[in-house]
Amino acid sequence: MIKIIILACLLLLVGCQPKTPLADNQPLVKVARVVSGQTLEVLGLAEQPNLISQVRLVGIEAPDLRQRPWGDTAKDALEMMIGGAEQYVKLEFDIQPKDKIGRTLAYVWKDKVFLNERLVKQGNVLFVARSPNHKYDQLLDRAQQWARLMQQGIWNPEKPMRLTPAEFRCQNR
């Protein structure tokens, strides 16, 4: 009889678990603004719900905003994908949670669309592997190969981006 009661309690506990919980690894946050093609400001990431946190999209490098027109295009593309401020996105974390300047590192999802990948595939940003966060490197690399083959965005031979964002920043300090 005790075994039946224990089994019933266990089944009750398992049945009360949410079907698709948002793990600590995948919080839902509100976008305050898009800073660039690779950085968002969000609300709801920290313990204080009204505290703004910067989120850097993992695995990509957007053109510098001074790299015209590509920087503005990447920022506009990310804004369009999100749908503007006050929209919610889901963040997914990898091994390293923050970069050296304190931004949260995350893969960003909006309505089950992987925004990091979409930006790369449209040719708005470059795929850049960032150790130790490699969860989606293969997917992002394939998206970049596709963008190059299809001559999308920065890969357009009629108006290519000639310097990587890092090279541009080095030359324009």
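Is N172 buried, partly exposed or exposed? At 32% relative accessibility, N172 counts as partly exposed. That residue has its own close-up at the end of this set; the legends below start with the whole chain and then move in. Please keep in mind throughout that this is a predicted model.

**View 1. The whole chain, with five helices and eight strands.**
Reading from the N terminus, the elements come in the order α-β-β-β-β-α-β-β-β-α-β-α-α. The chain has 173 residues, and 38% of them are buried. Of the contacts between residues at least 6 apart in sequence, 60% join residues at least 24 apart. About 10700 Å² of the chain is exposed, with 56% of that area supplied by carbon and sulfur atoms.

**View 2. Helix 4, residues 137–149, and its buried face.**
Helix 4 is 13 residues in length and spans 18 Å from its first C-alpha to its last, close to the 18 Å expected at 1.5 Å a residue. Its buried residues are D137, L140, A143, Q144 and A147. Seen down the helix axis, these buried residues fall within an arc of 125°, so they line one face of helix 4. It may help to recall that an α-helix has 3.6 residues a turn, so residues three or four places apart point the same way. What lies over the buried residues of helix 4? The cover includes strand 7 (113–114), helix 3 (115–121) and strand 8 (126–127).

**View 3. The other side of helix 4, and what follows the helix.**
Here you can find Q138, R142 and L149, which are exposed. L149 belongs to helix 4 and has a relative accessible area of 69%, so it counts as exposed. Together with W146 and M150, L149 makes a nonpolar surface patch of about 350 Å². After the helix comes Q151, with a positive phi near 55°.

**View 4. T39, a buried residue in strand 2.**
Strand 2 covers residues 39–43, and T39 is found in it. How exposed is T39, in terms of relative accessible area? The value is 3%, and because buried means under 20%, T39 counts as buried. Leaving aside neighbours within four places in sequence, the contacts of T39 are V34, Q54, V55, R56, L57 and R103.

**View 5. E61, R130 and R169, linked in a network of salt bridges.**
A search of the whole structure finds eight salt bridges, and this view brings together the ones that involve E61. In general, side chains of opposite charge can pair when their charged atoms come close. In the salt bridge between R130 and E61, the closest N and O atoms are 4.0 Å apart. R130 sits in the loop between strand 8 and helix 4, while E61 is in strand 4 (residues 60–61), so the pair ties together parts that are 69 residues apart in sequence. E61 also forms a salt bridge with R169, with the closest N and O atoms 2.7 Å apart. This second pair links distant parts of the chain, 108 residues apart: E61 is in strand 4, and R169 is in helix 5 (residues 165–171). Which of these residues are buried, and which are partly exposed? E61 is buried at 8% relative accessibility. R130 is partly exposed, with a relative accessible area of 33%, and R169 is partly exposed too, at 31%.

**View 6. The salt bridge between D72 and R68.**
In this close-up, the side chains of D72 and R68 meet at 3.2 Å, N to O. D72 has 30% relative accessibility and counts as partly exposed. R68 is exposed, with a relative accessible area of 57%.

**View 7. N172 and R66, 106 residues apart in sequence.**
Back to the residue we began with: N172 lies in the segment after helix 5. How far apart in space are N172 and R66, C-alpha to C-alpha? The distance is 9.2 Å. As noted at the start, N172 counts as partly exposed at 32% relative accessibility.

Conventions. Residues numbered from 1 in each chain as written. Predicted model: local features only at pLDDT ≥ 70, side-chain atom pairs only at ≥ 80, totals over all residues. Heavy atoms only, no water. Helix = DSSP H or I, 4+ residues; strand = E, 2+ residues; numbered from the N terminus. Buried < 20%, exposed > 50% of the residue type's maximum accessible area, 1.4 Å probe, protein only. Contact = heavy atoms within 4.5 Å. Areas by Shrake-Rupley, 256 points an atom, 1.4 Å probe, with all protein chains shown as cover. Expected span 1.5 Å × (residues − 1). Arc of directions from axis to C-beta. Patch = residues over 30% accessible without salt bridge, like charges linked within 9 Å, V, L, I, M, F, W, Y side chains within 5 Å.
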